[in-house]
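I opened this entry to look at the surroundings of a bound molecule and at one helix beside it. My notes follow the order in which I looked things up.

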Amino acid sequence: MTQYSNRMIFTHWLTLALLVAAWFLGDSLSELTDTGSATLAAYQLHLVAGGVVLLLTLLRLFFRSKDGVPKAVGNTPMDKVAKGVHHLLYTLLFVLPLSGIATVFSSDAGRALLSGDAKLLPGKDVYEHVFAHSVHETLVTVLLVLVAIHVLGALKHQFIMKDGLIKRMTPH
Ligand code: HEM
Ligand code: HEM
């Protein structure tokens with residue numbers, strides 16, 4: 001086996017697309033709730049994109065256990081770091097959406113969504129006191145840093161080592 005299975009590859013790239021969408025939506029939400037102009041539709045879209053990331057991660061780990069993974073590219077300290085980053089990424093793909101769900105349950109966001117009243121959506125001043133929201137915000141930053149390291153690693157393989165690592169994650 002020299003490549004990931006097609007369904008592992010599909011879930012990898014779909015997760016990336018959903019994360020980009022959830023990130024942009026989340027970022028604009030935090031500005032809009034502050035000015036009181038957030039809509040429930042934008043909120044719901046963010047929750048759906050983030051929720052699908054969680055479900056997709058469960059599915060991906062199921063595929064991983066069934067299909068296996070290609071042999072490690074090497075055993076250098078950098079390869080071990082890359083593997084550690086993969087584990088941390090999987091962990092974040094779970095805990096980040098969970099912290100989002102906890103934010104909804106531990107703030108008035110849940111009440112706003114249930115009653116359909118966007119005016120109940122909490123603004124920044126309220127969220128400052130919601131622990132799950134602070135965790136959610138921090139985890140977003142941790143995710144961005146880890147993804148940056150992960151992508152830099154992929155670029156190093158592609159353009160410096162020229163070992164064609166990206167082919168392992170390309171549909172076949
Ligand atoms: C896994 C993908 C997710 C990403 C990348 C993400 C990203 C973000 C970002 C960037 C913010 C803005 C934080 C700030 O600066 O205040 C945010 C806020 C928020 N997210 Fe998520 N999120 C994800 C999943 C979820 C899920 C699954 C839920 C709930 C079911 C959720 C609920 C919320 C709520 C309620 C806020 C507060 C909005 C506000 O600050 O006004 N998120 N998210
Ligand atoms: C432009 C963005 C990205 C590129 C170029 C990229 C590239 C790659 C490549 C080439 C691999 C295979 C590594 C190997 O065979 O050792 C891989 C694996 C992986 N990627 Fe990405 N990736 C990107 C974005 C992401 C994002 C956003 C996440 C999740 C937050 C992610 C999570 C993972 C994980 C967990 C693995 C390990 C798969 C496993 O062994 O189960 N990647 N990526």
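Before reading off any polar contact, I fixed the term as a pair of N or O atoms within 3.5 Å. I also kept in mind that the model is predicted.

Entry one, the ligand. With that cut-off in hand, I looked up H46 and found an N or O atom of its side chain 2.8 Å from a nitrogen atom of ligand 1. I then turned to T33, where a side-chain N or O atom is 2.9 Å from an oxygen atom of ligand 1, and to H133, whose side chain likewise places an N or O atom 2.9 Å from an oxygen atom of the ligand. H46, T33 and H133 are listed among the nearest of the 24 residues around ligand 1, together with G26 and H136.

Entry two, the shell. Which helix gives the most to the shell around ligand 1? I noted that α1 does, with eight residues, while α1 (6-35), α2 (40-67), α3 (77-105) and α6 (131-161) each supply at least two. By residue class, I recorded 12 nonpolar, 10 polar and two charged residues in this shell.

Entry three, helix α2. I checked its length and found that its 28 residues reach 39 Å from first C-alpha to last, close to the 40 Å expected. H46 is buried in α2, as are others including Y43, G50, L54, T57 and R60. For what covers the buried residues of α2, I wrote down α1, α3, α4 (109-115), α5 (124-127) and α6 among the elements included. Finally, I noted that G68, just after α2, takes a positive phi of about 75 degrees.

Technical notes. Residues numbered from 1 in each chain as written. Chains lettered and ligands numbered in written order. Predicted model: local features only at pLDDT ≥ 70, side-chain atom pairs only at ≥ 80, totals over all residues. Heavy atoms only, no water. Near = heavy atom within 4 Å. Polar contact = N/O pair within 3.5 Å; in protein donor to acceptor, adjacent residues only side chain to side chain. Helix = DSSP H or I, 4+ residues; strand = E, 2+ residues; numbered from the N terminus. Nonpolar A, V, L, I, M, F, W, Y, C, P; charged D, E, K, R; others polar. Expected span 1.5 Å × (residues − 1). Buried < 20%, exposed > 50% of the residue type's maximum accessible area, 1.4 Å probe, protein only. Contact = heavy atoms within 4.5 Å.
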